[in-house]
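User: Please take a close look at the pockets in this model for me. After that, I'd be glad if you walked me on through the rest of the fold.

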Amino acid sequence: MFSKLSLKARVKRAVAILIGFFVLIVLSSCSLTKLVADDKGNVCTIFMQKPHWYKSAKKSVEKWGGNLHVPMAIIYQESSFKRKARPPRNYFLGVIPGKRASNAYGYAQALTGTWGEYKTASGRRSADRDDFSDAFDFVLWYMSVTQKRNQVSKWDAYAQYLNYHEGQGGYSRGSYKSKQWLINVAKRVDARSKSYAAQLNQCKAELDSAKRSWF
């Protein structure tokens with residue numbers, strides 16, 4: 001009888017330990033997500049908390065050329081790193097919800113049609129707009145198209161963002177020139193890009209070192 005009770009106690013203890021371990025993992029996961037939201041102004045913190053983002057972003061840079069800081073600044077502006085971000089709805093009489101301003105969706109706020117063009121051009125037929133790896137790759141692809149069509153450097157966050165928002169055709173026509181609010185936004189993207197670049201200079205070695213230890 002004693003040994004039987006002892007076995008039950010040991011089983012209960014083991015179950016309690018497993019449950020505690022599972023809860024710790026869940027809480028840790030929630031904490032990492034929160035850190036990304038709270039520290040989105042620090043690209044080093046973002047990549048440290050999301051190492052798979054860094055790994056996939058590096059692969060996209062190797063594929064399309066360019067850098068990490070400009071696409072990250074654009075994604076910050078477009079969605080604040082929210083995977084299911086959408087444009088706000090228009091409201092009729094300020095109360096009745098109507099259609100959204102566009103069908104933009106995901107980290108990069110990519111339009112459905114443009115996303116289709118990207119999937120064809122990149123060969124990533126299963127790419128999803130709410131997947132960071134795909135969204136980052138999309139932004140770099142779009143920047144590459146901008147560079148070819150309008151001769152805008154991939155290091156020029158200001159002009160790249162104007163192309164991203166207005167489209168390459170709109171940019172070439174100067175559609176942004178009458179939109180002071182958009183020019184101000186592009187300046188903020190440029191400033192954030194430079195801040196991200198400075199941060200990456202400080203943590204790149206650590207990120208690459210940590211990357212080698214990831215499996």
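Analyst: The largest pocket has 19 lining residues, and those nearest its centre are Glu 78, Ala 104, Gln 109, Tyr 164 and His 165. Its space comes to about 460 Å³. Two or more lining residues come from each of α4 (69–79), α6 (132–150), α7 (157–173) and α8, and α7 contributes the most, with five residues. A pocket here is an open set of points on a 1 Å grid over the protein atoms alone, where a 1.4 Å probe fits and protein lies on both sides within 12 Å along at least five of seven lines; a lining residue has an atom within 4 Å of a point. The volume is the space filled by probe spheres set on those points, which are joined across faces, edges and corners. The idea behind it is simple: rolling a probe the size of a water molecule over the atoms shows where empty space is left.

A word on what you are looking at: this is a predicted model, in which local features need pLDDT of at least 70 and side-chain atom pairs count only at pLDDT 80 or more, while totals for chains, interfaces and linings use all residues. Residues are numbered from 1 along each chain as its sequence is written, and side-chain values use heavy atoms, with hydrogens and water left out.

Stepping back, the chain has eight helices and two strands, in the order α-α-α-α-β-β-α-α-α-α from the N terminus on. (These are DSSP runs numbered from the N terminus: H or I of at least four residues for a helix, E of at least two for a strand.) Of the 215 residues, 42% are buried, where buried means under 20% relative accessible area, exposed over 50% and partly exposed in between, with a 1.4 Å probe and protein chains only. Among contacts (heavy atoms within 4.5 Å) with a separation of 6 or more, 54% join residues 24 or more positions apart.

Helix α8, one of the pocket's contributors, also carries a covalent link. Cys 44 and Cys 203 form a disulfide with their sulfur atoms 2.1 Å apart, inside the 2.5 Å limit used for such pairs. Cys 44 sits in helix α2 (residues 43–49) and Cys 203 in helix α8, so the link ties together parts that are 159 residues apart in sequence. The angle about the S-S bond is -85°, which is left-handed, and both cysteines are buried.

Leu 200 belongs to helix α8 too (residues 180–213). Leu 200 is buried, at 8% relative accessible area. Leaving out residues up to four places away in sequence, Leu 200 touches Val 43, Cys 44, Phe 47, Leu 68, His 69 and Leu 207. The C-alpha atom of Leu 200 is 9.1 Å from that of Asn 42, although 158 residues separate the two along the chain.

Leu 68 turns up again beside Val 61, which touches Gly 66, Asn 67, Leu 68, Phe 136 and Leu 140, again not counting residues up to four places away. Val 61 lies in helix α3 (residues 51–64) and is buried, at 18%. From Val 61 to Leu 140, 79 residues further along, the C-alpha distance is 7.4 Å.

Phe 136 leads us to the rings. Along with Trp 53, Tyr 76, Phe 81, Tyr 107 and Phe 132, Phe 136 belongs to a cluster linked by ring pairs. Rings of Phe, Tyr and Trp (its six-membered ring) pair if their centres lie within 6.5 Å; planes under 30 degrees apart are stacked, over 60 edge-to-face, and the rest tilted. The count is 17 aromatic pairs. One of them is Trp 115 with Tyr 118, tilted at 50° between the planes and 5.1 Å centre to centre. Both of these residues lie in helix α5 (residues 112–122), three residues or about one turn apart, and both are buried. The rings of Tyr 171 and Tyr 176, by contrast, are stacked, because their planes meet at 15° with centres 5.2 Å apart.

Tyr 76 has a charged partner as well: the charged end of Arg 192 sits over the Tyr 76 ring, 3.6 Å from its centre. That label requires NZ of Lys or CZ of Arg within 6 Å of the ring centre and within 35 degrees of the ring normal.

Finally, Lys 82 touches Tyr 107 of the ring cluster, and Gly 106, with residues up to four places away left out. Lys 82 is in the loop between α4 and β1 (89–92) and is exposed, at 52%.
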